[in-house]
Every structure is written in structure tokens, then in C-alpha cells.
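Please look over the two items shown here, with attention to strands, chain contacts and the nonpolar core.

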Amino acid sequence: MKGSSKVTVVRGGTIWSGVPRQAPVVADLVIEDGIIAAIEPDFTGGADLELDATSALVLPGLFNSHLHPGGSPLIRGIAEDMELPPNGAFFHNTAAVLGLGRTELSLEEYQSLIEWDCVAMLAGGATTLTVELLGVGYEQIWIDLVGRLGFRCNLGLTYPHNIIKPTPEEAAAGLRDGIALADEHNGKFGDRLRVQLSPHGPDTVTDEVLRETRRTATERGLNVHLHLAQHMGEVKTVQDRSGGLGPVAYLERMGFLGHDVVATHGTYIESGDIARLASSRATIVYCGYRKAKEALMTPFTEYLEGGVNVVLGTDTFSHNMIEDMKFGAILGKIRHGRISRPTALDMVTCATVNAARAMRRDDLGQLVPGHRGDVTIISLAGPFNTPAAEPIKSLVYYSTASDVRHTLVDGQPVVLDGKVCNIDASDIQRRATAAVTRLWELAQDKGVLAPTW
Amino acid sequence: MSEVTVVRGGLVWTGSDAVPGDVVITDGVITSLTGDTPADVTRTIDAADSLVLPGLINSHVHPGGSPLLRGIAEDNPMPGPGALYHNTVDFRLITWEHLRPDEIESLVAWEAVQMLLGGATTIISEQVGDIDPWVSVASRLGFRTDVGRIYPYPPHIANGAEISGKSYDAVLEGMQAGFELFERFEGALDGRLTLHLAPHAPNTVPTQILIESAELARKRNARLHLHISQHPSENQTVRSRTGLSPVRYLDDIGFLGSDVLATHLTYTDARDWDVLARTGTNVVHCGSRKAREAVTSPFLELLDRGVNVCLATETYSHDLVDELKWSALLAKLRAARVDRPDAKDMIAAVTIAPALALGRSDLGVLRAGARGDVTVVGLDGPFNSPAFDAARNLVYYSRASNVRHSLVDGLPVVADGEVAGVDMAQLRHEVRAACRRVWQIANDLGHVEWRA
């Protein structure tokens, strides 16, 4: 190693590289100046940082591919057990509380919610977070977090801001804000931050703004991230607008779909949609666990077997990526009454290799020399997952966030010994709890939140 | 002098609500919930930012299997109309044939550790093989357990159209061995150990032995615990013998009743559910366990008929707090409704419902006079705080890593997230060695293909 380079060694773990058909091997992983330099037994060179990975699984850093920071601490436990509004989604029951959070909380208070949510995302094992920021004026808070905490991020500002009562003007203005964000921040922090365009969905964004989004993304080489076929209300709106087309067919006709499009949910699809998505090389974000809260299952094995690139996201609620893989796999099995698919390997592939493909990155998603040093290290030494006859199955079916030992981005620690680095989590928790408690009291006073007893 | 434990500063679950309070336990029994603390307190348990629950009850487990079987059967095709465990039953047999008693006790202890970290204070065990290792572990770790020895084991020695000759005798011997345990362990572990009879299932135990089992258990006021409608081949066997579904057959022979705990009921219909309701039979639901077979079992259908439904982890992941979430979401998916079952339904299924099934009015509730069995779950982690509704944050956002303390008869079983009295590193070492030995033997015998 060069004398001036910075070296991180992950020692003695079971390395799953993400290379197809390559079995896990016990070895040392060497990262030099942010890039994987070697995977070899018994590395003898010096290192600036040595991480113990004995009895642990070493994975390409996990991608959480659909998130709305700030929401989860505010609305956890509110919409559960409530009846869904007709044709609506789970979030419709929490929209009033979320809206109040944006209008009534100070910027400092809202910052504490975003930071506390971010702690859960990183403790949940992800190294790359794909974020659709809802609301106006929070982007600098998030960008500062990317800089300070060291994770990798794809950031988009969702437009229109008001997705309950969308207006064409707001959608158009939101697109302009998204372009400005890209101009200013794309590639920041040694390229850890990338900016994408984030139209909310085909029902809330006008035809014209969707077309403009498509043109801009192509010109500037940006990814597009949107919600698609999320709830029946969306499907009906698009059908009315398009003369009967479903959301996927509508976007296809517009020429919107492509390998730079990442679409979340894909729950309410019709015959031919899977082929449309596969041939366009668009990506679907599967939020199986999140949709289960609406008492429904979203297609997953269908996409995998139909040749669609599928990735995983936790959306607004529990940001535990390992739990998300477990729920995703088992819900997929139940949907088809078939135990043999999806497999644990499918889940880990979606969370790594497929997610890198969605970002059009050939330097992420696998642990091979030349790739970026983004790594998630999961202990397989706990009472619930030891001994591990099959490490990947023990990861997916028997591990959870509390087994996340370390994570690295560009070879630098983001989580060490289960603790998120560079943040005072107990201080954030105290401030977030105070802010949320104040808002819940206010929401009850205003009659938009009913006490549960 | 009295031994006094105070669980201080938490939100106390009343069965329908979470209210601030302190739980005072004097000589193993709850004496106050109102904060009247005696002058001399032996120990204080900090429950700030936590939900204080009646000690959770895990209503159906088979200790010894999980460490060996995890990750083996998942993702593989199912064995025809059988159950997931049919893929792994050889490992159990090898365990009992080849492992030393101390190795078996290590496996059983490792599994008990999971169950305790998963929040349970009472464990209803359907023991596969000798119960002594389990009793020894219960004695050392201080939890409460209701144990039965399954007969026959392995279950497939007595399956098929008719059970006769040697296989009949084997089942009968199993019942007698199970019944002899009542005498041997009468009053053991200061009342923390109770016994039940555990005929395996209606397809593997002949009618006459089921009837005798019920008579023996009822004479002793003990429970009967069995599997019902666990897999399609069980239903096929019972139907070919009797022309009835397993539930209606068991009703027909007078087996069902409020002293019966029946596990799974996966392949059942509305007529069966009505029978369960009419007979007062208790049902043990294992949501995440059956989901591993890509199926769901009835839950809300039973609750709505007034059946007493309990939750259990069975063989695999013994995180009972996580199981609340699994079983709730799977039941919502099955019913395609978001509002039921709700968080209170789920908490009842690990507290008051199994206490009722066991005939124990002194368990499953926090009230003066009840046993001092308590589970304290922290609602202060990044995934479950802050909590607008403590019950929902417990059910939908918590897991074993949030279990902070548990007490049985006022004595600590889990303290600060660690099982009291266990050297985890040493135990882990022993369990790994024992599992490797079983896997290697299975490999050598050609039962499984296992990469060492």
C-alpha cells in the first residue's frame, strides 16, 4: 500500500460479493482510499481502521430505495388499526398530522424529526438512502446530514408539495426547484450525493410537467423517481385523464419509462404492465412490508420472474432493512402459496446488485476490487441467528437491525458497533420526542388526531 | 423478611390501556399497582420510557430444534402435502441418538435464551424427547413452564390408514411415559413447573389413546395440548379413517373442551371454527411459523366467533414481541382489512388468553394477587419511539432487542436485555459445536447436503 493512502480492513468475515453464483468466502476485505483493493485471506498490511467481522456476514452496503425522512416519528402508531379511506392509501389517514407538522413545527423541531428518522435508517443497515423529500425548505437539513454522517444518498424533492390537493402550478414550480437542486448539489461530498427528479405520481403531476421531467432527465442524465400504481384513487384519476389507460400504460404511451426511471409500489397493475416495465428497463421499488400495513400484497415474484429490475424500500415506517427483506420474502411466498420463491438470495440481490443497477452505477452493489467501499456487516453471533447453517438465509430470516455491527461508505464508518457515528443520538431523540409530543397535543386540540383510548 | 421488587416509572398495561404506575411485588405476588411502596425494597427495576406488561406467555414451542433447523428448510420446495418440519425431522432423530445429554441441554438452553429475550416469562413446551434437559434449564434460568412430552415421537411412526401392532404400542408407551412425569415433577420448581399431556395430533395418535389421554388429563385437572390440521396430509388421513375433518372427529370422540390447547388449525373451515367456539377449545396460532410454509391460519375468524386464541413461536424465531407484528399483519392480509385484529387483540393473545387456556387466573394480568410475572419493553429505540399509542408501538414497531427486563415471581429472568445467569459466549461455543456434529452426521448419512 502507498504510504499516503487511507486503508480500512474488514477482518475475518464471511463475504457475500453479490457476484452471481459466487458462494460466500471467509476473508479480509481491504479498502484503499474508498475503493475496494483486495479480498484475501489474512491480509498482513497496515491499516488506518480495522473492523472485526468474525462470525459476521459482510455484504455490499444495502440500499434503502424509497424514503420520506421526517414522517415516521410523527405518524408511527397512528394509522395502524384504522380503517382505510375508500380507494385511499394508508398515508391518507395521517395526512392531517403530517401537514400540521410542516406548518406548526419550527425548522429546528422538524430538523430533529428528520435526524431521528435518519438514525433509524442507518441503524437499519442501509448505506445508500434514496430520499423523496416531502415539504418545502427541508433540503438543506438533509444535505447537511449527508455531509456530516457520511452515508450515500440519492435525493429528490417531491413535486407537487401538496399531494393531497395537487395543483399544476406547484408541480411546475417543484420541477424547477428539483433542477436547481441538481445544479447546485449533484455530485457533492466526493460524489456521495446525487440528485434525481421526483415527480410524485402520474395522478398528482400534470401530463405537461411529466413530459418536461422526462426531457430534463434525459438532457441532464438524472434519474427519475416516482410513485406508480400506488392506490386505486391514482388508477382512476389516470384512467379519466388518459381515456382508460392504467398508470403504467399511460407512462409508456408518453415515452416516460426508461432505464433511468425508478417507480415505487406498482401495486395496482394490469395485464401487460410487467412486460411494459421489463422492456423499458425501468425499476420497481417493492415496499412489501409497508403495503402489508394496508392489508394488501403487492406483486413481487411476478416482477422478478417477468424480468423487471426490483429493489427494496421501507417508505415511511420501520426502516429496518433486514426486517424488510424478511417480510418481503415471506409475503411474496404467501401471495403465491409457494415456499421456494422469492428466496433469501433474491432479497439480498434486490437490496444490493439491483439497486446499484437502478442508480446506473457500475461501481456499487458488489464487493469486488475496483468498486466503492460501501459495506454492511451483520453479526451472525446472536441467539436468534446462531449457528448459521446458511449465512444468507440466516441473515434474511433470522436477523434484524440489532444485528447490524458496522457499515462503511467509501471505506469510512457510518455505523460502528451498532451506533450511528457523528451524531448524538440521545440528544436528537430528546429533541424529536419533545417536538412530536407538542405536535400530537396540538393535533388533538385541533381535532385532527383522536386519542386512542 | 419479605422480598420486595418494585417496577418503577413505566406505563402499566391494564388489559385495555397503558397508564403510568409502579408495580410492587412482595414475595412473588403483586401487592400494589398504586405506588404504595413498602419501606424496605429489595430491588427496583427501572421502567422509564417502557411498557410494563403481564409476563408474556409463549404458548407452543419445541425446544432443541431451532438452532439445528434454522435456514435449512426455508426456500426449499415443500415435501408434498406435508409440513416444513418434514424436511428436517432427521436432525431431531440424530440429536437424540448421537448427542450427549450435556450437548442436548446446551441446545435447549440456547433456545430458552431466545424465548426469554423474546419477552416470554411462561413457556408452554411440547417437548420432543426427554424433558429433563428442559426442566434443568427452567430451574437454572427461573422461567415458568408448562411441559408435555409429545407422543409418539417421531410422529410418522404412527401415521397412515390405521395404527396397530407395534406402532400402537409405541404411542401407548409414549402416553404412559408422559403421564408418569406428573408424579415425578409434582410441585417442582416452587410451582413454576406444571405438566400437561401432549398427544401429537389426530392422525398420529389412535382414537382409543386420545380418549384415554383425555381421561387421564381430566382426572388430574391438567391440560391437553395437540396439533390439529397442521398440514393437508393430516386432514387426508383423518378423513380417510373417519370421514370427518380433524376438528369434527375430535369433537365426535369427546376430546375437545376448554382444557384443550390446539395448535395451528391451518386447514380448517367455518364449520370447524364453530365447533371450536362451541366446545371452548383454546387455539394456539403460530403466524410467522406457518408463513414460512407460504400459508396463513385462521385468526380473526376465530376471535370473531369468541374462540380463545393464543400466540406462539413454535420452532423458529422465538421473538414473541416480533410475533405480535407478524401475526397481526398476516391476519389483516388474510381478512383484507386494516382495522382488525388490532394491537389490543394481539397483546391479549400473549397474556390473558393463554392464562385462561392454562386455567390460571393469577397469570396474564397485572393486578394485586396475581403472580409477579412481568415483561418490561422499552419504547425508546430509533424504531419505536416516540410512541403516540404504547400498545401499537409495542405491536408494530418493537422486537426482542427492546425487551429490557422480565420477572417471574418477582425475580429477574432478563435484566437490562441479558438473560440472567448465562455465560453467552460459552453457551454459543457449545451450541455451535453440537450443531456442527449433527449436521456432519446428517451429511455422512446422506440425509442432507450440507456445506461444512
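The report below takes up these topics in turn.

## Basis of the model

This is a predicted model, in which local features need pLDDT of at least 70 and side-chain atom pairs count only at pLDDT 80 or more, while totals for chains, interfaces and linings use all residues. Residues are numbered from 1 along each chain as its sequence is written, and chains are lettered from A and ligands numbered from 1 in the order in which they are written.

## A parallel sheet in chain A

In chain A, four strands (DSSP runs of E, at least two residues, numbered from the N terminus) make an open, parallel sheet in the order E11-E12-E13-E14. Its edges are E11 (224-228) and E14 (309-312), each of which pairs on one side only, where pairing requires that DSSP finds at least two bridges between two strands.

E11(A) pairs with E12 (261-265) of chain A in the parallel sense over five bridges, and A:His225 stands opposite A:Val262 in E12(A).

## Contact between the chains

Chain A and chain B each bring 52 residues to their contact, with residues counted as touching if their C-beta atoms, placed from the backbone, lie within 7 Å. On the side of chain B, the largest share, five residues, comes from helix H16(B) (helices are DSSP runs of H or I, at least four residues).

## The nonpolar core

The largest nonpolar core (buried Ala, Val, Leu, Ile, Met, Phe, Trp, Tyr and Cys residues joined through C-beta atoms within 7 Å, buried meaning 20 or more other C-beta atoms within 10 Å of a residue's own) has 288 residues, and those with the most contacts inside it are A:Val58, A:Leu122, B:Val52 and B:Leu116. Leaving aside neighbours within four places in sequence, B:Val52 is in contact with residues including B:Val7, B:Trp13 and B:Val376.

Methods:
Two residues are in contact if their C-beta atoms, placed from the backbone, lie within 7 Å. A residue is buried if 20 or more other C-beta atoms lie within 10 Å of its own, exposed if 12 or fewer, and partly exposed in between; C-beta atoms are placed from the backbone.
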